[in-house]
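Here is a short guided walk through a protein chain, meant for someone meeting it for the first time. Have the sequence and the model side by side as you read.

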Amino acid sequence: HYRGEIDRAKLAYESQKIYSLTNAGGVEVNDLGDGAFWTPEGATLTVRKGDTVFMLVLGDPDLAGRTLDRTKDLAQKVLNRY
């Protein structure tokens, strides 16, 4: 979890996103916060909303499809608190 200045949050998020999409098979996830991406390697969902960036790791990486759906549901619950 990272919370701070919005420019720093955006920079932290974007650098992780670039790495994920170019080196770890990551994919963008729509309709979560101000941006989100899924990294199958490690089964990690990273979400940015305003000045906050958080990462959720849930389930077994071998079940990536189902895990992504479950992790998106959990991320939406977190976002509902902001």
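Let us begin with strand E3, residues 35–39. Five of the five residues of E3 are buried, so this strand is largely enclosed by the rest of the structure. Here a residue counts as buried when its relative accessible area is under 20%. Look at the strand from either side and you find cover: Gly-35, Phe-37 and Thr-39 are buried on one face, and Ala-36 and Trp-38 are buried on the other. Please keep in mind that this is a predicted model.

With E3 as a landmark, we can step back to the whole chain. The chain has two helices and five strands, and from the N terminus on they follow the order β-α-β-β-β-β-α. There are 82 residues in the chain, and 34% of them are buried. The accessible surface comes to about 5,100 Å², with carbon and sulfur atoms accounting for 48% of it. Among contacts with a separation of 6 or more, 40% are between residues 24 or more positions apart.

Now let us follow the strands on either side of E3 in sequence. Which way does strand E2 run relative to E3? E2, residues 27–28, pairs with E3 in the antiparallel sense over two bridges. In this pairing, Glu-28 stands opposite Phe-37 of E3. The two strands form a hairpin with six residues between them, and Asp-31 sits in the loop that joins them. Asp-31 has a phi near 65 degrees, a positive value in a residue other than glycine. Is Asp-31 buried or exposed? Its relative accessible area is 74%, so Asp-31 is exposed.

On the other side of the sequence, E3 pairs with strand E4, residues 44–49, again in the antiparallel sense and over five bridges. Thr-39 stands opposite Thr-44 of E4. These two strands form a hairpin with four residues between them, and Gly-42 in the turn has a positive phi of about 100 degrees. Right beside Gly-42 in the numbering comes Ala-43, which lies in the loop between E3 and E4. Ala-43 has a positive phi of about 45 degrees although it is not a glycine. What is the relative accessible area of Ala-43? The value is 0%, so Ala-43 is buried.

The strand pattern continues from E4 to strand E5, residues 52–57. Six bridges join E4 to E5, and the two run antiparallel. Arg-48 stands opposite Val-53 of E5. The hairpin of E4 and E5 has two residues between the strands, and Gly-50 takes a positive phi near 60 degrees there.

What lies behind these strands? The largest nonpolar core has twelve residues in all, including Ala-36, Trp-38, Ala-43, Leu-45, Phe-54 and Leu-68. The elements that give two or more residues to this core are E3, E4, E5 and helix H2, residues 64–79. H2 gives the most, with three residues. One link in space can be seen between Ala-43 and Leu-68: they are 25 residues apart in sequence, and their C-alpha atoms are 7.5 Å apart. Val-29 is another member of the core. Leaving aside residues up to four places away in sequence, Val-29 touches Ala-36, Phe-37, Trp-38, Leu-45, Leu-68 and Lys-72.

Finally, let us return to E3 for its aromatic partner. How many aromatic pairs are there? The count comes to one. The rings of Tyr-13 and Phe-37 have their centres 5.4 Å apart and their planes at 55 degrees, so the pair is tilted. Tyr-13 lies in helix H1, residues 6–23, while Phe-37 belongs to E3, so the pair ties together parts that are 24 residues apart in sequence. Both Tyr-13 and Phe-37 are buried. Phe-37 is thus a good place to end the walk: it is one of the buried residues of E3, it stands opposite Glu-28, and its ring is paired with that of Tyr-13.

Conventions:
Residues are numbered from 1 along each chain as its sequence is written. This is a predicted model: local features need pLDDT of at least 70, side-chain atom pairs count only at pLDDT 80 or more; totals for chains, interfaces and linings use all residues. Side-chain values use heavy atoms; hydrogens and water are left out. Buried means under 20% relative accessible area, exposed over 50%, partly exposed in between (1.4 Å probe, protein chains only). Contact means heavy atoms within 4.5 Å. Accessible areas come from the Shrake-Rupley method with a 1.4 Å probe; for residues, only the protein chains shown count as cover. A nonpolar core is a set of buried Ala, Val, Leu, Ile, Met, Phe, Trp, Tyr and Cys residues joined through side-chain atoms within 4.5 Å. Rings of Phe, Tyr and Trp (its six-membered ring) pair if their centres lie within 6.5 Å; planes under 30 degrees apart count as stacked, over 60 as edge-to-face and the rest as tilted. Two strands pair if DSSP finds at least two bridges between them.
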